[in-house]
Amino acid sequence: MSQWSLLVFATCVLGAFAVPVIDDPIAFMNATWNKCQKQEKVPDDAMEDLYFFKSVEGIKDHKCVIKCIDEEYGIYQQDGTISQEMIVRAIKGLWKDPQIQEKLISASAECLDSANPDPDPCQYTFDKFDCFVQAVNKEGISIHEGKTN
């Protein structure tokens, strides 16, 4: 009986914090990106550049796609903040190489510390992601190397 109560409690807590339970991180990522691309009507080539962390230039007219993705991952919070904890969870779920994880986590933390909040949530998440893409490219990290299968 106590195990059942614990399971119900854990389910309620996870549901309350909108923490995605991800069995297959790559499938979740692809489904999320596809959903957000359709919702925000982002052209395929712009989404591909974004997916491979090449550039955010193509989505400047579709900035809300980043907010959509961040919401699906629980990164963008209802109070308008970005959760570093959820960024770390996403990174650790998608990349198995500890060195790549460390570099990506460090880049994300620097970007969270560097940019000022914008009252427009789409602009805010876009600016953070733009910073992250630039940091990843500056470090020469091959973003799809070392991903989980």
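Trainee: How much area does the protein expose, and what share of it do carbon and sulfur atoms supply?
Mentor: This is a predicted model, and the area is computed from it. The protein exposes about 9000 Å². Of that area, the share supplied by carbon and sulfur atoms is 53%.

Trainee: What percentage of the residues count as buried?
Mentor: A residue counts as buried when its relative accessible area is under 20%. The protein has 149 residues, and the portion that counts as buried is 38%.

Trainee: Which element has the lowest mean pLDDT?
Mentor: The protein averages a pLDDT of 80, and 79% of the residues score at least 70. Over residues 1-19, however, pLDDT stays under 50, and the model has five contacts beyond four places in sequence for that stretch. At the high end of the elements is helix α4 (residues 64-73), with a mean of 95. The lowest mean, 34, belongs to helix α1 (residues 2-16).

Trainee: How many helices and strands does the protein have?
Mentor: Read along the sequence, the pattern is α-α-α-α-α-α-α. The count is seven helices and zero strands.

Trainee: At what angle do helix α2 and helix α3 pack?
Mentor: Helix α2 covers residues 25-40 and helix α3 residues 44-51. α2 passes α3 in a right-handed crossing. Their axes lie 11 Å apart, and the angle is about 145°.

Trainee: How do the residues of the contact of α2 with α3 divide into nonpolar, polar and charged?
Mentor: From α2 come Met-29, Asn-30, Trp-33 and Gln-37, which meet Asp-44, Met-47, Leu-50 and Tyr-51 in α3. These residues divide into five nonpolar, two polar and one charged.

Definitions and conventions
Residues are numbered from 1 along each chain as its sequence is written. This is a predicted model: local features need pLDDT of at least 70, side-chain atom pairs count only at pLDDT 80 or more; totals for chains, interfaces and linings use all residues. Side-chain values use heavy atoms; hydrogens and water are left out. pLDDT is the predictor's confidence in each residue, from 0 to 100. Helices (H or I, at least four residues) and strands (E, at least two) are DSSP runs, numbered from the N terminus. Contact means heavy atoms within 4.5 Å. Buried means under 20% relative accessible area, exposed over 50%, partly exposed in between (1.4 Å probe, protein chains only). Accessible areas come from the Shrake-Rupley method with a 1.4 Å probe; for residues, only the protein chains shown count as cover. Axes are lines fitted to C-alpha atoms, for helices over the stretch in contact, and angles run from 0 to 180 degrees between N-to-C directions. A crossing is left-handed if the near helix is turned anticlockwise from the far one by less than a right angle, and right-handed if clockwise. Ala, Val, Leu, Ile, Met, Phe, Trp, Tyr, Cys and Pro count as nonpolar, Asp, Glu, Lys and Arg as charged, and the others, Gly among them, as polar.
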